[in-house]
Amino acid sequence: MINKILVPIDGSEISMRAMNFAIELGRSFNSELIVLNVDIPYDLSRIKPVVKDKDGKVVESAQLTPLEIAEREAKKSGYERISFKKYVDIDPAEKICEVAEKIDADLIVMGNRGMGVLAGFFLGSVSTKVSQSAHCPVTIVK
Amino acid sequence: MFKKILVPVDGSSNSWKALDTAKGLASKFGGELIVLHVVQTYSSANLYLSGGSDISLTSENRQLSHIGSRVLETARDRMSDFHGRVRFIMEVGHASDKVVDVAREEEVDSIVIGSRGLRGVKEFLLGSVSSEVSQHSPVPVLIVKEPDPG
């Protein structure tokens, strides 16, 4: 019923919840999971500042990319049929739908918020856009 | 996960597709289903626009409830081959508000809903029940859709 699940993530807590939801679902259907991160080019707000501890040493763990966070989280679950992909695109929602169609995904699982309530209201959030334009069913995780 | 699923139906083909998907998931996970139809009645604000009387309003609303029962009747027929627990509920009010209310009251663990597939300007102006539900729901929402005809 569900062979391929696409999981777009941005490294946020809610996107990790979505990934864990997809892993649980994947266990029941023995599905293949494809975890996807779409980075927006030139978006300076996404570059995290260097975090230093009190001795002035750089704390490495604070600089994990979304996919590294996801890989670490996925390792905890021990799920094997999972792969990770990274894309750079100006329109994440469009790219997500494009990839879903290309790999013929049966389901997309994603978190409902990245930008926050206000931006989501005015611009339409990525999840809303994906749920309207994707060729396959979409699960929005809270 | 998928132990208690809420399925709002409006009688559209997408909502029947959602019901079929929910039925499949509930069978797979041994879950319970709640099928909900929300009757959106006319209010007196609509009355001023249409220039009608109170009497025509009441009869229109009665007819809407009647259509609602027919929708749930059809849902019942479609669920005849489902062996798990299933309940049918009819509510009156604003569609997405009621769906979220019922989801909270019944403490469901997921919602499966059909997408109307509005796009572009229409989507921006009107929004859609499925996207409103997915924004306000306390639990994961599975949005089911009909493939594009083109």
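Student: Hi! In what order do the elements of chain B run from the N terminus on?
Tutor: Hi! In this predicted model, chain B goes β-α-β-α-α-β-α-β-α-α-β, starting from the N terminus. That gives chain B 6 helices and 5 strands.

Student: Cool. And how much of chain B is buried?
Tutor: Of its 150 residues, 35% are buried. As for contacts in chain B between residues at least 6 apart in sequence, 74% of them join residues at least 24 apart.

Student: Let's go to the sheet. What is the strand order?
Tutor: It is an open sheet of 10 strands, and the order is β3(A)-β2(A)-β1(A)-β4(A)-β5(A)-β5(B)-β4(B)-β1(B)-β2(B)-β3(B), with mixed pairing.

Student: Which strands stand at the edges?
Tutor: Those are β3 (82-88) of chain A and β3 (86-92) of chain B. Each has a single partner strand, so one side of each has no neighbour in the sheet. On average, neighbouring strands are turned by 20 degrees against each other, direction ignored.

Student: Which helix packs on the sheet and touches β4 (107-111) of chain A?
Tutor: That's α1(A), which also touches β1, β2 and β5 of chain A. Its direction makes about 145 degrees with that of β4(A). Then there's helix α2 (residues 66-77) of chain A, lying across β2 and β3 of chain A and running at about 170 degrees to β3(A).

Student: How many bridges join β1 and β2 of chain A?
Tutor: There are 5 bridges between β1 (residues 4-8) and β2 (residues 32-39) of chain A, and the two strands run parallel. In one of the pairs, Pro8(A) has Leu36(A) of β2(A) as its bridge partner.

Student: OK, where do the two chains meet? Is the pairing of β5(A) and β5(B) parallel or antiparallel?
Tutor: Antiparallel, over 3 bridges, with β5 of chain B covering residues 141-144. Across that pairing, Val138(A) stands opposite Ile143(B).

Student: And how many residues are in contact between the chains?
Tutor: 16 residues of chain A contact 25 residues of chain B. On the chain A side, the elements giving two or more residues are α1 (13-29), α5 (126-133) and β5 (138-141). β5(A) gives the most, with 4 residues. By class, that side has 6 nonpolar, 8 polar and 2 charged residues.

Student: What about α6 of chain B, why is it called largely enclosed?
Tutor: Because 6 of the 8 residues of α6 (residues 129-136) of chain B are buried. Among them are Val129(B), Ser130(B) and Val133(B). The buried residues of α6(B) pack against α5 and β5 of chain A, along with α4, β4 and β5 of chain B.

Student: Switching topic: is Ala93(A) buried or exposed?
Tutor: Buried, because it has 21 C-beta neighbours inside 10 Å, and 20 or more is the cut-off. Ala93(A) lies in helix α3 (residues 92-102) of chain A.

Student: Which residues does Ala93(A) touch?
Tutor: Leaving out residues up to four places away in sequence, Ala93(A) touches Val126(A), Lys129(A), Val130(A) and Ser133(A). Val130(A) is 37 residues from Ala93(A) along the chain, yet their C-alpha atoms are separated by 5.4 Å.

Student: Last one: where is Asp109(B) found?
Tutor: In the loop between α4 (95-105) and β4 (110-114) of chain B. Asp109(B) counts as partly exposed, because it has 17 C-beta neighbours inside 10 Å. Not counting residues up to four places away in sequence, the contacts of Asp109(B) include Met1(B), Phe2(B) and Val139(B).

Definitions and conventions:
Residues are numbered from 1 along each chain as its sequence is written. Chains are lettered from A and ligands numbered from 1 in the order in which they are written. This is a predicted model: local features need pLDDT of at least 70, side-chain atom pairs count only at pLDDT 80 or more; totals for chains, interfaces and linings use all residues. Two residues are in contact if their C-beta atoms, placed from the backbone, lie within 7 Å. Ala, Val, Leu, Ile, Met, Phe, Trp, Tyr, Cys and Pro count as nonpolar, Asp, Glu, Lys and Arg as charged, and the others, Gly among them, as polar. Two strands pair if DSSP finds at least two bridges between them. A residue is buried if 20 or more other C-beta atoms lie within 10 Å of its own, exposed if 12 or fewer, and partly exposed in between; C-beta atoms are placed from the backbone. Axes are lines fitted to C-alpha atoms, for helices over the stretch in contact, and angles run from 0 to 180 degrees between N-to-C directions.
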